[in-house]
Amino acid sequence: MAINARAKFDLIILGGGAAGIFAACNATGKVLVIEKTAQLLSKVRISGGGRCNVTHSCFDPKELVKNYPRGSKELLGPFYNFGPQDTIDWFAKRGVKLKTEKDGRMFPVTDSSETIINCLLKEAEKLGVEIRTRTRIQKITKTDEGFQLDNLQTKKLLLATGSSHQGHTIAKELGHTIIEPVPSLFTFNVPDSPLKELSGISVPAKITLDNFTQTGPLLITHFGFSGPACLKLSAFAARHLAEKKYRATLTINWLPDFQLEQIKNANPKKQLSSINLLPKSLWKNLIGPLGEKKIATLSKKELQQLKEKLQNDSYEVQGKTTNKEEFVTCGGISLREVNFKTMESKICPGLYFAGEILNIDGVTGGFNFQNAWTTSHIFGYSF
Ligand SMILES: Cc1cc2nc3c(=O)[nH]c(=O)nc-3n(C[C@H](O)[C@H](O)[C@H](O)COP(=O)(O)OP(=O)(O)OC[C@H]3O[C@@H](n4cnc5c(N)ncnc54)[C@H](O)[C@@H]3O)c2cc1C
């Protein structure tokens, strides 16, 4: 729908997602949010399996930034200004309590993303923010006073359009460089994986792909591999893997602390298959025919073979699958062109950015929303 009514605003926000609405909740003056679809906060709704993983219980900015393959340097200062504790407090002040799960992920106690959506929309309403959905701006021009968006005038313009191509195009037209977008947070396809029938087994492992290494739970799937270690590795290697067309050798160390003595010291009369250093079916699969042998009869060469299989096991990755739980885009507005004290463009005065439109992305666990809350709050505060 095109906007006909002439109107003047202090701020127009393009994008009614987490970053856009949170920015509206933290700005002052006459504010308008324009969302091209019929729904506001649609990713918040589906996030965290409908529970919304709002943030992560990591309160040291220096530790927190390690979870951002892109943006870690730039987010350090902003996290001192508005970090996970500030997110917790912001929602608590508005009656929304968050709880922490064992792995550090934080969710509303209601386990429903609607709680977050209702809180944000109620706050925006309280502040008198005007919101127009199903609205597309056709033309944006820079003026002496700010910006002209079709028939609308605004002093300041915030682009919070996520990974959308349209947002990138607008930024480009206003002078910005776009780092080519590629997917992040995906799982690895290993066609004909000999472990397929073990789908569902998850073990802590150390995985390596070219120069990238991650340690953590690794999940065997029907397609190949998933789980936190794999998703983290996919995030840090996102651009590298895109360049390699998602083909690479993945090396798995199933037992990072394993010493051959563990086997040598076991009862020599026992069969190798009976000592189960991993879940039974995985152990059996990895040790293969050697499992039939009594430990005492294993030759030096066989022991070395075993060590190689357990600690340097390799698989050919031949593609990726989107992780349904959470995915983000690596790429976006070049961070060198943004002032992280205000989120203002260094190229086009009066233009601001927040959220995933920036070349910032985190691993899974609530870090991507924290980027949206932080950059939007920094903007709102400076406004
Ligand atoms: C399935 C899924 C689950 C996720 N779960 C989590 C989670 O639990 N925790 C976490 O931290 N992260 C999660 N993420 C990532 C997180 O959702 C994003 O990082 C976050 O939503 C980014 O917020 P944003 O406002 O920058 O962008 P978005 O949420 O993408 O919002 C951008 C908005 O701008 C609108 N828009 C685009 N172009 C225009 C235009 N030209 N004019 C007007 N409007 C426009 C879009 O329609 C959209 O509504 C998940 C992502 C997915 C896909």
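Start at the ligand and select Gly366: one of its polar backbone atoms sits 3.5 Å from a ligand oxygen. Keep in mind as you go that this is a predicted model. With the protein hidden, the ligand would expose 1,000 Å², and the protein buries 94% of that.

Now bring up the secondary structure elements around the ligand. Those giving two or more residues to the shell are helix H1 (18-26), helix H2 (42-50) and helix H13 (367-382). Color H2 first, since the largest share of the shell, four residues, comes from H2.

Next, show the whole shell. There are 30 residues surrounding the ligand, and the closest are Ala19, Glu35, Glu325, Glu356 and Phe369. Color the shell by class and you get nine nonpolar, 14 polar and seven charged residues.

Two more contacts deserve a click. Pick Lys43, where a polar side-chain atom lies 3.3 Å from a ligand oxygen. Then pick Asn53: here a backbone N or O atom is 3.0 Å from a ligand nitrogen.

Time to leave the ligand and look at charge pairs. Side chains of opposite charge can pair when their charged atoms come close. The count for this model comes to 16 salt bridges.

Select Lys155 and Asp10, a salt bridge whose closest N and O atoms are 3.0 Å apart. This pair links distant parts of the chain: Lys155 belongs to strand S9 (residues 152-159) and Asp10 to strand S1 (residues 7-14), 145 residues apart. Turn on the surface as well: Lys155 is exposed, at 52% relative accessible area, while Asp10 is partly exposed at 21%.

Jump to Lys309 and Asp313. Their salt bridge brings the closest N and O atoms to 2.7 Å. Which of the two partners is buried? That's Asp313, with a relative accessible area of 4%; Lys309 counts as partly exposed, at 30%.

Last stop: select Arg105 and Asp103, whose side chains meet in a salt bridge at 2.9 Å, N to O. Arg105 counts as partly exposed, at 25% relative accessibility, and Asp103 is partly exposed too, at 47%. Don't stop at the pair, though. Extend the selection to Arg51, Lys99, Glu101 and Asp111, and you have the network of salt bridges that links them with Asp103 and Arg105.

Conventions. Residues numbered from 1 in each chain as written. Predicted model: local features only at pLDDT ≥ 70, side-chain atom pairs only at ≥ 80, totals over all residues. Heavy atoms only, no water. Near = heavy atom within 4 Å. Polar contact = N/O pair within 3.5 Å; in protein donor to acceptor, adjacent residues only side chain to side chain. Areas by Shrake-Rupley, 256 points an atom, 1.4 Å probe, with all protein chains shown as cover. Nonpolar A, V, L, I, M, F, W, Y, C, P; charged D, E, K, R; others polar. Salt bridge = Lys/Arg side-chain N within 4 Å of Asp/Glu carboxyl O. Buried < 20%, exposed > 50% of the residue type's maximum accessible area, 1.4 Å probe, protein only.
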